[in-house]
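Please go through this predicted model from its domains to its sheets, and then to the residues around its ligand.

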Amino acid sequence: MTIHRAVVARVQPLTGTMTRITFDGAGLATFTSTGIGDEYVRLFLPHGPDRGDVSLPETTDNGGWQTPEGRPVAPMRSYTIRAVRPEAGEIDIDFVLHDHGVASGWAAAARPGDVIGLSSPTGLYSPPADLSWQVLITDLTGLPAVTRLLEETSDQVTTRAVIEVPGPSSVQSLPDRPGIRTTWVHGGNGHGPSRLAELVSAAIPPGTDLTGGYVWVAGQTNSLRSVRRYLRKDLKLPVERFKVVGYWVPDAETWTERYEALPAAVRSELDSLWDEPDDEAEDLTIRYESRLSEFGL
Ligand SMILES: Cc1cc2nc3c(=O)[nH]c(=O)nc-3n(C[C@H](O)[C@H](O)[C@H](O)COP(=O)(O)OP(=O)(O)OC[C@H]3O[C@@H](n4cnc5c(N)ncnc54)[C@H](O)[C@@H]3O)c2cc1C
C-alpha cells in the first residue's frame, strides 16, 4: 500500500446532497488505478482545524499503515474513485453531504489547497467471465461507483441499476444507452427506512435464470444483511456471482460502544465464528451478521 498526499484542486457541487472534489498534486504522480469501476481508497483527513495539516500514516511491511510516533491519528474513511485522469495527474471523488460526519463535513467546507492523504486503491466488482447481464443496486453512497461501472461496462452487457436517494433533488444524470435501465427510488440514506433489501428481491425475484448474471449491491450495512442472505441462501448464488458491500453504518458513533458492552463470552463467540477454515467468507459473514442482529447490533 502507498499513501499519497493529495491537494484539492476544484470543488463542484453536483446536487444538494453530493459534491465532487478533484484532487491533484505531486503526491498523486504515482497513484495507479486498478481499472476496476468500484475501486475505493482510504482517505486520511486533517485531525484538527488546520486544513493543510494531515498526519499522513506510514506504510508497514504487512501492507498496513501506522501513524508516525508522536503524531495525531488522522480520521480515516473509505471513498470511491469516481474518475482518474493520469495525464492531468487528477482524481475525482464524489462525497455525500449528510450533515454529521468528519468526511462529509470536511467535503462540505473543502477549498482549493486543502490537503488529505489517500491510499492506493482496491476494487471489489469482479464479474464472472460469462457476464451478459448485471444488477447494480445502491443508496447514495454507491452512486459514484454505479455511475463509473455504467460508464465502463461493455455494450454487450445488459444492466439494471436501482438507486435509492433521499429525494428527487439527489438524482443525477447517468449513462443512458440501449441495455441500461435505471430506476430512482426515494428514501433511505438516513432519512427513513432503507428499501435496499426489497429492491434487490424485486429486481431478481426467486426463479430468475441466473446464467451469465452478476449482482452488485452497496449501501447502508444493516439493510444489506438480508440482501446477502437472500442472494446466497434463497437464490443460492455462487459467491463469484454477487458482491454485497456495506458502505456506511447507521448510528456509527455508538456501534463500537454497544459492541464493546457485550459480555466477553459473547464477543469471543462472535470472534470464533470466523474460524471455520473451509467455509466461504460470504457464509461466515452471514452467520456473523445474523448473530450481531440478535444482539441488536
Ligand atoms: C468501499 C466504500 C466506498 C465508498 N464510497 C463512497 C463514496 O464514493 N461517496 C460517499 O459519499 N461515501 C462513500 N462510502 C461511504 C462512506 O465511507 C461513509 O458514508 C462514511 O461513514 C462517511 O464518513 P463521515 O465521516 O462523513 O461520517 P461518519 O463519521 O463515519 O459517521 C457519522 C454519522 O453519520 C452517519 N452516516 C455516515 N454516512 C452516512 C450517509 N452516507 N448518509 C447518512 N448518514 C451517514 C453515520 O451513521 C454516523 O451516525 C464508501 C464506503 C465504502 C466502504
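The paragraphs below take the domains, the two sheets, the helices and the ligand shell in turn.

This is a predicted model, in which local features need pLDDT of at least 70 and side-chain atom pairs count only at pLDDT 80 or more, while totals for chains, interfaces and linings use all residues. Residues are numbered from 1 along each chain as its sequence is written.

The protein chain is split into domain 1 (3–119), domain 2 (133–250) and domain 3 (254–297), with bounds that come from an automatic or database domain assignment. Between the centres of domain 2 and domain 3, taken over C-alpha atoms, there are 25 Å. Six residues of domain 2 are in contact with eight residues of domain 3; contact requires that the C-beta atoms of two residues, placed from the backbone, lie within 7 Å. On the side of domain 2 that touches domain 3, two residues are nonpolar, none is polar and four are charged. In this classification Ala, Val, Leu, Ile, Met, Phe, Trp, Tyr, Cys and Pro count as nonpolar, Asp, Glu, Lys and Arg as charged, and the others, Gly among them, as polar.

Helices (H or I, at least four residues) and strands (E, at least two) are DSSP runs, numbered from the N terminus. Two strands pair if DSSP finds at least two bridges between them. One open sheet has seven strands in the order β6-β3-β9-β1-β2-β8-β7, with antiparallel pairing. Its edges are β6 and β7 (83–85); each has a single partner strand, so one side of each is left without a neighbour in the sheet. From one strand to the next, the twist averages 35 degrees. Here axes are lines fitted to C-alpha atoms, for helices over the stretch in contact, and angles run from 0 to 180 degrees between N-to-C directions. Within this sheet, β3 (residues 40–44) and β6 pair in the antiparallel sense over five bridges, and Arg42 stands opposite Ser78 in β6.

The other open sheet consists of five strands in the order β12-β11-β10-β13-β14, and its pairing is parallel. At its edges stand β12 (180–186) and β14, each with a single partner strand, so one side of each has no neighbour in the sheet. The twist here averages 10 degrees from one strand to the next. Strands β10 (residues 133–139) and β11 (residues 158–165) pair in the parallel sense over seven bridges; Thr138 has Ile163 in β11 as its bridge partner.

Two helices pack on this parallel sheet. Helix α3 (residues 196–203) touches β10, β11, β12 and β13 (213–220), and its direction makes about 165 degrees with that of β10. Helix α4 (residues 221–234) touches β13 and β14, at about 160 degrees to the direction of β13. How do α3 and α4 pack against each other? Their angle is about 25 degrees and their axes are 8 Å apart. The two helices are therefore roughly parallel to each other, since angles under 35 degrees count as roughly parallel. Leu196, Ala197, Val200 and Ser201 in α3 meet Ser223, Leu224, Ser226, Val227 and Tyr230 in α4. The residues of this contact divide into six nonpolar, three polar and no charged.

Around the ligand are 26 residues, of which Thr80, Val96, Gly101, Ser104 and Gly190 come nearest; a residue is near if its C-beta atom, placed from the backbone, lies within 6 Å of the molecule. Two or more residues of the shell come from each of β6 (76–80), β8 (90–96), α1 (102–108), β14 (242–248) and α5 (252–260). The largest share, four residues, is given by β6. By class, the shell has 13 nonpolar, nine polar and four charged residues. Domain 1 and domain 2 each supply at least three residues to the shell.

Notes. Parallel < 35°, antiparallel > 145°, perpendicular 65-115°, else oblique.
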